[in-house]
Amino acid sequence: MAGSFQQGFRQCRRGFTTTCGAEAGIKWRTENGLARRGTEYGPLTDLPDWSFADGRLAPPLKGQLRRKQEREALARRVVALSSEVDKGMEAWRGKQDEAKRMEEHRKSLLFKPKGKLLLKKNK
């Protein structure tokens, strides 16, 4: 029986896809400023599922703690990269200033006009 199933499967003219249906709607969500998937962030993933009757919050779940750590690591990386860019900009400005000083120094070493050329230049 298994052999006849495999033969029928091979002779099937329709394509067999294995794509995931969960990817549907990503384009619409990103165009409307939402998360790519509904489970990335938002009240359903960030807020606790329940709370105590007296108003105390429930202890955070493992997924919430993991997402918090990931966000903190991302924030640290953003700060580090931002400071790296600031240092690079300062170094670039320093090089630009040094090049400008060198150009001015080079121009100051050139011969100055004398005599009739000096008089013509002042007119």
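Glu98 is partly exposed, with 38% relative accessible area. In this predicted model, Glu98 is the salt-bridge partner of Arg101, with 2.7 Å between the closest N and O atoms. The protein chain holds 5 helices and 0 strands, and 7% of its 123 residues are buried. The points below cover the overall fold, the charged pairs, a buried arginine, the region around Trp50 and two loop positions.

**Overall architecture**

- Read from the N terminus, the elements of the protein chain follow the order α-α-α-α-α.
- Helix H1 covers residues 2–10 and helix H2 covers residues 26–31, while helix H3 spans 43–46 and helix H4 spans residues 62–109.
- Of the contacts in the protein chain between residues at least 6 apart in sequence, 12% join residues at least 24 apart.

**Salt bridges**

- The structure contains 6 salt bridges, and those described here include two within helix H4.
- Side chains of opposite charge can pair when their charged atoms come close.
- Arg101 and Glu98 are 3 residues apart in helix H4, which corresponds to about one turn of the helix.
- Arg101 has a relative accessible area of 48% and is therefore partly exposed, since the exposed class begins over 50%.
- Glu90 pairs with Arg93 in another salt bridge, where the closest N and O atoms are 3.1 Å apart.
- Glu90 and Arg93 are also 3 residues apart in helix H4, so about one helical turn separates them.
- The two partners fall into separate accessibility classes: Glu90 is exposed at 52%, whereas Arg93 is partly exposed at 41%.
- Arg56 forms a salt bridge with Asp54, and the closest N and O atoms of this pair lie 3.1 Å apart.
- In that pair, Asp54 is exposed with a relative accessibility of 57%, and Arg56 is partly exposed with 49%.

**A buried arginine in helix H4**

- Arg67 is a residue of helix H4.
- Its relative accessible area is 17%, so Arg67 counts as buried under the 20% limit.
- When neighbours within four places in sequence are set aside, the contacts of Arg67 are Glu40, Thr45 and Asp46.
- Of these contact residues, Asp46 belongs to helix H3, which covers 43–46.

**Cavity and its lining**

- Searching the whole structure yields 1 cavity of 30 Å³ or more.
- The volume of the largest cavity is about 40 Å³.
- Its lining consists of Pro48, Asp49, Trp50, Ala58, Pro59, Pro60, Leu61 and Gln64.
- Classified by residue type, this lining comprises 6 nonpolar, 1 polar and 1 charged residues.
- The charged member of the lining is Asp49 and the polar member is Gln64, because Asp is classed as charged and Gln falls among the polar residues.
- Asp49, one of the lining residues, is situated in the loop between helix H3 and H4.
- With 59% relative accessibility, Asp49 is nevertheless classed as exposed.
- Asp49 and Leu61 both line the largest cavity; they are 12 residues apart in sequence, and their C-alpha atoms are 8.9 Å apart in space.

**Aromatic pair**

- The whole structure contains 1 aromatic pair.
- This pair joins Trp50 and Phe52 in an edge-to-face arrangement, with 5.1 Å from centre to centre and 80° between the planes.
- The arrangement is edge-to-face because the 80° angle exceeds the limit of 60 degrees for that class.
- Both rings belong to partly exposed residues, as Trp50 has 44% relative accessibility and Phe52 has a relative accessible area of 32%.
- Trp50 thus links two topics of this briefing: Trp50 is one of the residues lining the largest cavity and is also a member of the aromatic pair.

**A loop position between helices H1 and H2**

- Ala24 is located in the loop that runs between helix H1 and helix H2.
- Ala24 has a relative accessible area of 55%, which means that it counts as exposed, the threshold being over 50%.
- Ala24 and Arg36 are 12 residues apart along the chain, and 9.7 Å separates their C-alpha atoms.

How values were computed
Residues are numbered from 1 along each chain as its sequence is written. This is a predicted model: local features need pLDDT of at least 70, side-chain atom pairs count only at pLDDT 80 or more; totals for chains, interfaces and linings use all residues. Side-chain values use heavy atoms; hydrogens and water are left out. Helices (H or I, at least four residues) and strands (E, at least two) are DSSP runs, numbered from the N terminus. Buried means under 20% relative accessible area, exposed over 50%, partly exposed in between (1.4 Å probe, protein chains only). Contact means heavy atoms within 4.5 Å. A salt bridge is a side-chain nitrogen of Lys or Arg within 4 Å of a carboxyl oxygen of Asp or Glu. On a 1 Å grid over the protein atoms alone, a cavity is a set of points where a 1.4 Å probe fits but cannot get out, and a pocket is an open set with protein on both sides within 12 Å along at least five of seven lines; lining residues have an atom within 4 Å of a point. Grid points are joined across faces, edges and corners, and a volume is the space filled by probe spheres set on the points. Rings of Phe, Tyr and Trp (its six-membered ring) pair if their centres lie within 6.5 Å; planes under 30 degrees apart count as stacked, over 60 as edge-to-face and the rest as tilted.
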